[in-house]
Amino acid sequence: MKFRHRGAMKKLIYFCLSLSLVCICAASHPLSAQTQEPSKTRQFIYVLRLVPRLYSDSNWTKENKAVLERHFIRFQEAIKSGQLILAGRTKEPGDKTFGIAIFEAADEAAARTFMENDPCVAAGLMTSQLHPFAVALERKNP
């Protein structure tokens, strides 16, 4: 490409350098909120309590035990997928016992769905209460 004036060539070079600099700066800055990945999941806890008729072990039917097994399997799958942080229960009798599940979900609606789809909740063996939660400290697994 021939230029009649050196000034025109300098302008073209400055333009190309400026355009390159703009591209580099744009690429190094975070994307706008509309194109960023969805925000991190939130943590929730739900508290499970047995319905009073199941306080006594003798009242558990074969069907109740099958539902409890599905409940446990679901928690195992949620641990493997990374959704469930921990689950457990107290070792007290009757109305003193309760269980908890600490887990992650996109929002409260998703958390509520996770809780309500718990086989023990869906079958009416346990009542549940959902709460927003935040793990503050966590022991590392050995």
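**Figure 1. Burial and architecture of the protein chain in the predicted model.** Of the 142 residues that make up the protein chain, 23% count as buried, and the accessible surface comes to about 11200 Å², with carbon and sulfur atoms accounting for 59% of that area. The chain holds 4 helices and 4 strands, which follow one another from the N terminus in the order α-β-α-β-β-α-α-β. When contacts between residues at least 6 apart in sequence are considered, 67% of them join residues that are at least 24 apart.

**Figure 2. The largest nonpolar core and the elements that contribute to it.** This core comprises 22 residues, among which Tyr-46, Phe-103, Leu-125 and Leu-130 touch the most other members. Two or more residues each are supplied by strand S1 (42-50), helix H2 (62-81), strand S3 (99-105), helix H3 (108-116), helix H4 (119-122) and strand S4 (126-133), and the largest share, 4 residues, is that of S1. In soluble globular proteins, nonpolar side chains tend to be buried together.

**Figure 3. Surroundings of Tyr-46, a member of the largest nonpolar core.** With its neighbours within four places in sequence left aside, Tyr-46 is in contact with Arg-74 and Phe-75, with Gly-99, Ile-100, Ala-101 and Phe-103, with Phe-114, Met-115 and Asp-118, and with Ser-128, Gln-129 and Leu-130. Among these partners, Phe-103 and Leu-130 are, like Tyr-46 itself, listed with the core residues that touch the most other members.

**Figure 4. The salt bridge between Glu-108 and Arg-112.** A search of the whole structure finds 1 salt bridge, in which the closest N and O atoms of Glu-108 and Arg-112 are 3.3 Å apart. Both residues belong to helix H3, where they are separated by 4 residues, about one turn of the helix. Glu-108 has a relative accessible area of 40% and is therefore classed as partly exposed, and Arg-112, with a relative accessible area of 32%, is likewise partly exposed.

**Figure 5. The largest pocket and its lining.** The volume of the largest pocket is about 470 Å³, and its lining consists of 23 residues, of which Leu-50, Leu-68, Arg-89, Thr-97 and Met-126 lie nearest the centre. The elements that give two or more residues to this lining are S1, H2, strand S2 (84-89) and S3, while the largest share, 5 residues, comes from H2.

Terms used
Residues numbered from 1 in each chain as written. Predicted model: local features only at pLDDT ≥ 70, side-chain atom pairs only at ≥ 80, totals over all residues. Heavy atoms only, no water. Core = buried A, V, L, I, M, F, W, Y, C linked by side-chain atoms within 4.5 Å. Buried < 20%, exposed > 50% of the residue type's maximum accessible area, 1.4 Å probe, protein only. Contact = heavy atoms within 4.5 Å. Salt bridge = Lys/Arg side-chain N within 4 Å of Asp/Glu carboxyl O. Areas by Shrake-Rupley, 256 points an atom, 1.4 Å probe, with all protein chains shown as cover. 1 Å grid on protein atoms, 1.4 Å probe; cavity = no way out; pocket = protein on both sides within 12 Å on 5 of 7 lines; lining within 4 Å. Points joined across faces, edges and corners; volume = space filled by probe spheres on them.
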